[in-house]
Structures are given as C-alpha cells and as structure tokens.
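Please open the model in your viewer and keep the sequence panel beside it. The stops below say what to select next and what is there.

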Amino acid sequence: MNPLLSVTGLRKNYGLVEVLKGMDFEVTAGEKIALIGPSGSGKSTCLLCLNFLEKPNAGEIHLDGERIGVKLGRAMSDRQLAPQRAEMGMVFQLFNLWPHLSVTENVAIAARKVRGLSAREAHELALEMLAKVHMTHRADASPLELSGGQQQRVAIARALAQKPKLMLFDEPTSALDPELVHEVLKVMEELAAEGRTMLIVTHEIAFARDIADRVMFLDGGTIVEQGPARELILSPREARTQAFLKQIRH
C-alpha cells in the first residue's frame, strides 16, 4: 500500500540554526501518529513545513502521490498552495477564531472559502461538524462566550469542514486550563476511532500511548526513535527517549 504522506530529507533552517536535520517518515491512510519530544526539538516546525506554512529549506513532501509546494520544479505561490493546504486540516495551539462571527459562521467560512460551497451548503456542513465536536448547543454563540476548550473544539470543527485527507494537531491542549484538556482529548479520541489520519504533536503522553498507532520521539531536529505507541512509551530503546519519558513522568 502506498503511503498517504511521504516525507524525505526534510530540513528547515532559521538563519544559522538548523531546526530540522533531514527527517524521513511515511504515514499510511488511517494511521494515527504522535510526535513527542522536548520543547525546541522540531515537532511544531515539522507540522508547519508539511503544508508550507513554513517553507522547508530542503526535502520533498508528497500527499496522496502529489508533491506539496513545488510544481514543474518551481515553488508554488500561496494561491497555488491553497488547494493542497486544504487537504491538511490544521489545528493550532491557539484557536484563532473570528470574534465577530458566530460559532457556526466560523466553521462555515472555511467550507465556503476552501471548498467553494454555497452559503446554505456551508451552513449545513458546519452544523454537521459541530455535532462531531459536541458544540451544536453553542452554534449561535460568539467565540468570546466560550471556554478555551469549547473554542478549541470549534477550531477542530473548522478544520474538519475542509474535508481534509490528513489532520494536523499542533499541541491542541497546551493553551488550555487543566480541567478543560479532557474535553478536547475526548473529541480527538472520537475522531481517531473514525479512522481519520492524524499527526499529533502533544505532551499528553498517556493520550499518545492509548490513541496513537505509532509514536515518533524527536530531539534536536531528528527522529531519535519511533515505533508502536505502547511499546515505545512503556519500553523505549534509546537512552535519550528513556530520559525524556522519565522526566515527563516525574
């Protein structure tokens, strides 16, 4: 089976600082992969490079057989990239909802702009996606009236409304109060159970152990170790992975 996502030789520099040092990995359709590692290890940068929100310095990224960001040997413009980015639903640490739009309108606008749906079609799709994240009861609310966990669930619904092939989560619970983390993780667990393909940057190690098919441990811009989630988290092989997980547990 051909991979849904293929990444080869991915490098990213910020000036003289090399953040990603030649990453290679593949993701099959329906696979859930958690990226773990210390702050500054390159996890978030990796996600941002996949859809060219950050332009890689080297490497190739293919989604469903199509090369991302490059066409006929030339870098794509943002306009050309838009359809490719739509295939990767991105959920950020911060929710970035439009405060002047209702919850439904925040979700519908993505479907209208990205998928070209009519206002009615986008509204119906928005309600369908809000149901998936258990937010239909706040469909008419302003984002400013919601808790952080509720806002993040709306942001997830907005990404789902793009009908992406791949969902990218960049530490989606890191900006939440501890008591609100569970409601977002529950929604992500339900999406995983649907068979969605997901790449998740997270510090929630127990969540990664229980939900992910595979875990990749990053440090210093490289993949130090990867393997089946429970196996890697419970019995890591590499000393650096062992030290990181020991620190997290304590």
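**A walk across the sheet**

Begin by selecting β8 together with β9 (residues 166-170), two strands that run parallel and are joined by 4 bridges; strands here, like helices, are DSSP runs numbered from the N terminus (E, at least two residues, for strands; H or I, at least four, for helices), and two strands pair if DSSP finds at least two bridges between them. Within this pair, Met90 has Leu168 in β9 as its bridge partner.

A word on the source: this is a predicted model, in which local features need pLDDT of at least 70 and side-chain atom pairs count only at pLDDT 80 or more, whereas totals for chains, interfaces and linings use all residues. Residues are numbered from 1 along each chain as its sequence is written, and side-chain values use heavy atoms, with hydrogens and water left out.

Next, extend the selection to the whole open sheet, where 6 strands with mixed pairing follow the order β8-β9-β10-β3-β11-β12. Because β8 (88-91) and β12 (222-228) stand at the edges with a single partner strand each, one side of each is left without a neighbour in the sheet. Neighbouring strands are turned against each other by 15 degrees on average, direction ignored; axes are lines fitted to C-alpha atoms, for helices over the stretch in contact, and angles run from 0 to 180 degrees between N-to-C directions.

Now add helix α6 (residues 178-193), which packs on the sheet and touches β3 (32-36), β9 and β10 (198-201), contact meaning heavy atoms within 4.5 Å. The direction of α6 makes about 155 degrees with that of β10.

Stay with β10 and look at its two neighbours. β9 and β10 run parallel and are joined by 4 bridges, with Asp170 having Val201 of β10 as its bridge partner. β3 also pairs with β10 in the parallel sense, over 4 bridges, and here Leu35 stands opposite Val201.

Are the faces of β10 covered or open? Both are covered, since Met198 and Ile200 on one side, and Leu199 and Val201 on the other, are all buried; buried means under 20% relative accessible area, exposed over 50%, and partly exposed in between (1.4 Å probe, protein chains only).

Finally, select helix α1 (residues 43-50), where 8 of its 8 residues are buried, including Lys43, Ser44 and Thr45. Just after α1, Phe52 takes a positive phi of about 65 degrees.
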